[in-house]
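Work through the following exercises with the coordinates open beside you, and try each task before reading its solution.

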Amino acid sequence: VQHPDCLSVPLYNTLYELMVDQVSKQILTSRHSEPGPETTIQWPKVISVVNQLLHWCTGALTEESGPSSPARATSEESGVGDVDAQESIERRQLRRRRDILKRIRFRLLNDLTQLMNANPTNCRVILSEYGWQHWLMDLGAKRDSQFELDGDNDDAIELAFKLFCGLLCFSVRNEKEGWRAWAETVSVLNVLLSDKEL
C-alpha cells in the first residue's frame, strides 16, 4: 500500500462505518453523520489501521516529492514540454493529496472525540486496546514535514491531548485500578521521548 492515494475520504468513511458497525449502502464522499449516544466502537483495530494507512500514504508522498522522484526523472529525460510547468502540476497534486491526508487525520481525531463524548463505553473500548497511547501520540504528534508547513500540527497535538485527558480522566474516575492507565501512559511517553519519536 505504498501509494499516496491509498487513503481517501470515501475509504475513511467506510472504515469508520465498519468501526462503529453501522455500514451504509452508499459511498459517502462527504462527512458521515454524527455519532449518537447508542453509537459504540465495535472494531477498535480500525483506528490503528487508519493510523497505519496515514503513515504509509505520508511516506509515499514524501518519497514522491523527493528530488529523485520517478515522475520528475521521466519528464527531465524526455526533454518534451516545459519542466517547470510539469513540476508546478506535480506540486499542486502533492498539495491536494497532503490536504486530503490532513483532513482525514483531523476527522479521525474529531470522530474519536465525538465517540468518546457520545458514549462512555467508547472510552472503555479505546482504553482496552493494546498500544492506544502510541497510535494516539502518532496521530497527534506527526513529525512529517507536510503536517508542519502550515501550523496544523499544533491543532492536531491539541486534539490528541484532549483525547488523552478525557481517556485518562475517565479511567481514573470510572475504572477499577484506573491509575494503571496513567502509569502505562507515562511509561509509553517516556519510551517515545527517549527514542526521540516525539
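## Exercise 1: Helix α5 and its start

Task: In this predicted model, determine which residues of α5 are buried, and then find which backbone nitrogen a side-chain oxygen of Asn 119 reaches at the start of α5.

Solution. Begin with the burial list: in α5 the buried residues are Asn 122, Cys 123, Val 125, Ile 126 and Leu 127. Next, turn to the residue that precedes the helix, since Asn 119 sits in the loop between α4 (83-118) and α5 (120-128). At the start of α5, a side-chain oxygen of Asn 119 comes within 3.0 Å of the backbone nitrogen of Thr 121. The side chain of Asn 119 also has a polar atom 2.9 Å from the backbone oxygen of Pro 37. Asn 119 has a relative accessible area of 9%, and because the cut-off for burial is under 20%, Asn 119 counts as buried. Finally, collect the contacts of Asn 119 beyond four places in sequence, which are Pro 37, Glu 38, Thr 39 and Thr 40.

## Exercise 2: The loop between α1 and α2

Task: Establish whether Thr 40 is buried or exposed, and identify the side chain with which the side chain of Thr 40 makes a polar contact.

Solution. First locate the residue: Thr 40 belongs to the loop between α1 and α2 (45-64). Its relative accessible area is 16%, so Thr 40 is buried. The polar contact of the Thr 40 side chain is with the side chain of Gln 42, at 2.5 Å. When residues up to four places away in sequence are set aside, Thr 40 touches Met 19, Val 20, Asn 119, Thr 121 and Asn 122. One of these residues, Asn 122, is also on the list of buried residues in α5. As a last step, examine the backbone in this loop, where Asp 21 is also placed: Asp 21 follows α1, and its phi is near 55°, a positive value in a residue other than glycine.

## Exercise 3: Helix α1 and Val 9

Task: List the buried residues of α1, and state which residues Val 9 touches once those up to four places away in sequence are left out.

Solution. The buried residues of α1 are Val 9, Tyr 12, Asn 13, Leu 15, Tyr 16, Glu 17 and Met 19. To interpret such a list, recall that an α-helix has 3.6 residues a turn, so residues three or four places apart point the same way. Val 9 lies in α1, which covers residues 9-19, and its relative accessible area of 8% is the reason why Val 9 is classed as buried. With the nearby sequence positions not counted, Val 9 touches Leu 28, Thr 29, Ile 100, Arg 103, Ile 104 and Arg 107. For Ile 104 the C-alpha separation from Val 9 is 6.6 Å, although the two residues are 95 residues apart along the chain.

## Exercise 4: The crossing of α6 and α9

Task: Describe how α6 and α9 are placed relative to each other, giving the crossing angle of their axes and the makeup of their contact.

Solution. The axes of α6 (residues 132-140) and α9 (residues 179-194) come within 9 Å and cross at roughly 55°. This angle makes α6 oblique to α9, and α6 passes α9 in a right-handed crossing. The contact is formed by Trp 132, Gln 133, His 134 and Met 137 of α6, which meet Ala 181, Glu 184, Thr 185, Val 188, Leu 189 and Leu 192 of α9. Sorted by kind, the residues of this contact are six nonpolar, three polar and one charged.

## Exercise 5: Trp 182 and the loop before α9

Task: Find which residues Trp 182 contacts beyond four places in sequence, and decide how Glu 177 is classed by accessibility.

Solution. Trp 182 has its place in α9, and with 39% relative accessibility Trp 182 counts as partly exposed. Beyond its sequence neighbours, Trp 182 is in contact with Leu 168 and Val 172. The C-alpha atoms of Trp 182 and Val 172, which are 10 residues apart along the chain, are 8.1 Å from each other. Glu 177 occupies the loop between α8 (152-174) and α9, and its relative accessible area of 40% makes Glu 177 partly exposed. The phi of Glu 177 is near 55°, a positive value in a residue other than glycine.

Terms used
Residues numbered from 1 in each chain as written. Predicted model: local features only at pLDDT ≥ 70, side-chain atom pairs only at ≥ 80, totals over all residues. Heavy atoms only, no water. Helix = DSSP H or I, 4+ residues; strand = E, 2+ residues; numbered from the N terminus. Buried < 20%, exposed > 50% of the residue type's maximum accessible area, 1.4 Å probe, protein only. Polar contact = N/O pair within 3.5 Å; in protein donor to acceptor, adjacent residues only side chain to side chain. Contact = heavy atoms within 4.5 Å. Axes fitted to C-alpha atoms, helices over the stretch in contact; angles between N-to-C directions. Parallel < 35°, antiparallel > 145°, perpendicular 65-115°, else oblique. Left-handed = near helix turned anticlockwise from the far one by under 90°. Nonpolar A, V, L, I, M, F, W, Y, C, P; charged D, E, K, R; others polar.
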